[in-house]
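I set out to record what I looked up in this structure. The entries follow in the order of my reading.

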Amino acid sequence: MAALLLYYLLPTWFRPIPPLFLLTLLFGVVVSLLSAIIAALKGSRLWFLATLLPIAFFFMLLNFEQSTEVKLAGESGRPIFALSGSGTLTQFVVFSPEYLTTAESPQDMRFALWCIQPVDLEGWGEPVWKLKSIPYGVVPQGYIQCAPLEGRPEPLRDSQAPYLLSVTTATAPGASEYFTVEAGKARWMKNPPEGPCFKMEQGTYKRAQCIHSSPCETDSQSPRSGSC
């Protein structure tokens, strides 16, 4: 219990990767079981409470979830996306700046500069903590490139209009964030734009006015996960 509370009090960048956290919980389960056995043998009135502790640890283990987070590194228009979280990567897409103003549906793949997905389309892909980082244009083992269909993606160039990174993960929330490239270096936007937003009308997506809260502030190393 103490290990779980300590984990959630730690900043996200300092948290141990999921395997270490799971090992900590398993250690807690073993200690709880031993305490329950000892309490039962001694006929302690607290044996029932001690017996419930392993059950609590078990449910904590089942419900463990850590949102996907991405950090930016790299130069010369080929950023490196460092990943963390407990989910498995099912899709990774970098959209061109035109997506913001011209897209006609969510995840409009006409504007996907680079996309990867698992080789096994029915699978959930690899854990993001195992992948660790993905350099732009480099397909990790166990994945295939879904855009462009042939050849390497075009390099990212300096642009005032933002690119969009969309990371879809299973078993944990993914991440979506706008970034720009300035002097060959990719940076998260401090004041990301709203949208694009869509609504469904008669089975067809239509662009709609976005209704968002105030923009989220962020720095170049610690992007927000998901939407504001």
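I began with the accessibility classes: buried means under 20% relative accessible area, exposed over 50%, and partly exposed in between, with a 1.4 Å probe and protein chains only. The model is predicted, so I noted that local features need pLDDT of at least 70, that side-chain atom pairs count only at pLDDT 80 or more, and that totals for chains, interfaces and linings use all residues. Residues are numbered from 1 along each chain as its sequence is written, and side-chain values use heavy atoms, with hydrogens and water left out.

**Entry 1: Leu 149.** I asked whether Leu 149 is buried or exposed. Leu 149 is exposed, because its relative accessible area of 77% lies in the class over 50%. I located Leu 149 in the loop between β6 (143-147) and β7 (159-170). Helices (H or I, at least four residues) and strands (E, at least two) are DSSP runs, numbered from the N terminus. I also looked up Cys 115, which is 34 residues from Leu 149 along the chain; their C-alpha atoms are separated by 9.3 Å.

**Entry 2: the six-stranded sheet.** I took two strands as paired if DSSP finds at least two bridges between them. Six strands form an open, antiparallel sheet, and I read their order as β6-β4-β3-β7-β8-β9. The edges are β6 and β9 (185-188), each of which pairs on one side only. Within the sheet, β7 and β8 (residues 175-182) are joined by six bridges in the antiparallel sense. Ser 166 stands opposite Ser 176 of β8.

**Entry 3: strand β2.** Which strands pair with β2? I found β1 joined to β2 by five antiparallel bridges, and β5 (residues 133-135) joined to β2 by three, also antiparallel. On the β1 pairing, Glu 69 stands opposite Ser 84; on the β5 pairing, Ala 82 stands opposite Ser 133. The covered face of β2 holds Phe 81 and Leu 83, while Ile 80, Ala 82 and Ser 84 lie on the uncovered face.

**Entry 4: nonpolar cores.** I defined a nonpolar core as a set of buried Ala, Val, Leu, Ile, Met, Phe, Trp, Tyr and Cys residues joined through side-chain atoms within 4.5 Å. The largest core has 24 residues, of which Phe 81, Leu 89, Phe 92, Leu 165 and Phe 179 touch the most other members. Among the elements that give two or more residues to this core are β1 (69-73), β2 (80-84), β3 (88-95), β4 (112-118) and α5 (128-131). A second, separate core of 14 residues includes Phe 111, Cys 115, Tyr 178 and Phe 198. I then listed contacts of Leu 89 (heavy atoms within 4.5 Å), not counting residues up to four places away in sequence; they include Ile 116, Trp 124, Leu 131, Tyr 143 and Val 167.

**Entry 5: salt bridges.** My criterion was a side-chain nitrogen of Lys or Arg within 4 Å of a carboxyl oxygen of Asp or Glu. How many salt bridges does a search of the whole structure find? The search returned four. Glu 126 bridges to Lys 130 with the closest N and O atoms 3.6 Å apart; Glu 126 is partly exposed at 27%, and Lys 130 is exposed at 51%. Glu 104, Asp 108 and Arg 110 are joined into one network by salt bridges that share partners. In that network, the Arg 110 to Glu 104 bridge is 3.7 Å, N to O, and the closest N and O atoms of Asp 108 and Arg 110 are 2.9 Å apart. I noted that Asp 108 is buried at 8% relative accessibility, whereas Arg 110 is exposed at 54%.
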